[in-house]
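This report is meant for a reader who meets the structure here for the first time. It takes up the strands, then the helices, the charged pairs and the nonpolar interior.

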Amino acid sequence: MPANPLAAINSVALAIGRFSSLDEMLDYALRKVLEVLETDAGGLYLLDEAEGSLTLVVHHGLSERAWRDFDHLPLGEGLSGRVAETGEPIVVSHLKDDPRLTRMAARSEGFCAFASVPLRSNFKTYGTLNVYTRHEREFSEQEVQLLTSMAAQIGLAVGNARLYLDLKASERRFRGLVENAEDVIYLTDHNGRIVYANPALDRLLGYGPD
């Protein structure tokens, strides 16, 4: 357990603010989580609600065989799938003996202790954060709370990124509708000056936007 849990949480929050790319941010944030909790391996899954599945978007400490085996999980399958479905953490001290384990590569990798917590923000689950050790370890309640707090910081960043992408997509759809509308659509400033007009203005009235 870190001597200063608040500093550990802040280190992840600061890491998140350093990057404009979501993939780079997730990679760096996962590295910080593994460093803070002193675990051997870990991964971040993101949830695709439309498909009802999880995709492993970043990982460290996993062999190629392992991450290919873990790459996609249906919602509800295995440990990570259950965490994403229920929104509740799962902590396991002897991973290879857990009957909920569905991917055999976890056993061949020699993982022992495991913890998975949801990436949540504003009561919405965006995926899971998983950490593994290859030695015996009992994750304490305080460590799970710390992991959950760091996952919440990552979940907030993922949520904001998705909102931004949704906004840009909505903006493109709206612009497409306006540009192709048969009716004249225009915007004016507070002085009544037209600051935007769609192509229908020229087509119907013979006046270009200028």
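In which sense do strand E7 and strand E8 pair, and over how many bridges? The model is a predicted one, and in it strand E7, which covers residues 186–188, pairs with strand E8, residues 194–197, in the antiparallel sense over three bridges. Within this pairing Thr188 stands opposite Ile194 of E8. The hairpin that E7 and E8 form has five residues between the strands, and Gly192 takes a positive phi near 85° there.

## The six-stranded sheet

Strands of a sheet pair through backbone hydrogen bonds, in either a parallel or an antiparallel way. Here an open sheet of six strands has the order E3-E2-E1-E6-E5-E4, and its pairing is antiparallel. Strand E3 (72–74) and strand E4 (90–92) each have a single partner strand and stand at the edges, so one side of each is left without a neighbour in the sheet. From one strand to the next, the twist averages 25°.

At the E4 edge, the pairing with strand E5 (residues 114–121) is antiparallel and runs over three bridges. One of the residues involved is Val91, whose bridge partner in E5 is Ala115.

Two helices can be placed against these strands. Helix H2 (residues 22–37) lies across strand E1 (41–48), strand E2 (53–60) and strand E6 (124–132), and runs at about 65° to E2. Helix H4 (residues 78–86) packs on the sheet as well, where it touches E1, E2, E3, E4, E5 and E6, and its direction makes about 30° with that of E5.

## Charged pairs

The count of salt bridges in the model comes to nine. The table gives three of them, with the separation of the N and O atoms.

| Acidic residue | Basic residue | N to O distance |
|---|---|---|
| Asp27 | Arg31 | 3.2 Å |
| Glu49 | Lys124 | 2.9 Å |
| Asp98 | Arg100 | 2.9 Å |

Asp27 and Arg31 both lie in helix H2, where they are four residues apart, about one turn of the helix. Asp27 has a relative accessibility of 25% and therefore counts as partly exposed, and Arg31, at 46%, also counts as partly exposed.

The salt bridge between the side chains of Glu49 and Lys124 links distant parts of the chain, for Glu49 is in the loop between E1 and E2 while Lys124 is in strand E6, 75 residues apart. Glu49 counts as exposed, with a relative accessibility of 56%, whereas Lys124 is partly exposed, with a relative accessible area of 31%.

In the salt bridge of Asp98 with Arg100, is Asp98 buried or exposed? Asp98 has a relative accessible area of 9%, which means that this residue is buried, while Arg100, at 28% relative accessibility, counts as partly exposed.

## Nonpolar cores

In soluble globular proteins, nonpolar side chains tend to be buried together. The largest nonpolar core of this model has 28 residues, of which Val33, Leu129, Leu147 and Ile154 touch the most other members. At least two residues of this core come from each of H2, E1, E5, E6 and helix H6 (141–179). Leu147 shows how such contacts are spread, since, when residues up to four places away in sequence are not counted, Leu147 touches Val33, Leu37, Ala115, Val117, Leu129 and Val131. Apart from this core lies another, of 21 residues, among them Leu47, Leu73, Leu95 and Ala105.

## Glu143 in helix H6

Which side chain makes a polar contact with the side chain of Glu143? That side chain belongs to Arg137, and the contact is 2.9 Å. Glu143 has its place in helix H6, and with a relative accessible area of 8% the residue is buried. A polar atom of the Glu143 side chain also lies 2.9 Å from the backbone nitrogen of Ser140. Although Glu143 and Leu37 are 106 residues apart along the chain, their C-alpha atoms are separated by 7.6 Å.

Conventions
Residues numbered from 1 in each chain as written. Predicted model: local features only at pLDDT ≥ 70, side-chain atom pairs only at ≥ 80, totals over all residues. Heavy atoms only, no water. Pairing = 2+ DSSP bridges. Axes fitted to C-alpha atoms, helices over the stretch in contact; angles between N-to-C directions. Contact = heavy atoms within 4.5 Å. Salt bridge = Lys/Arg side-chain N within 4 Å of Asp/Glu carboxyl O. Buried < 20%, exposed > 50% of the residue type's maximum accessible area, 1.4 Å probe, protein only. Core = buried A, V, L, I, M, F, W, Y, C linked by side-chain atoms within 4.5 Å. Polar contact = N/O pair within 3.5 Å; in protein donor to acceptor, adjacent residues only side chain to side chain.
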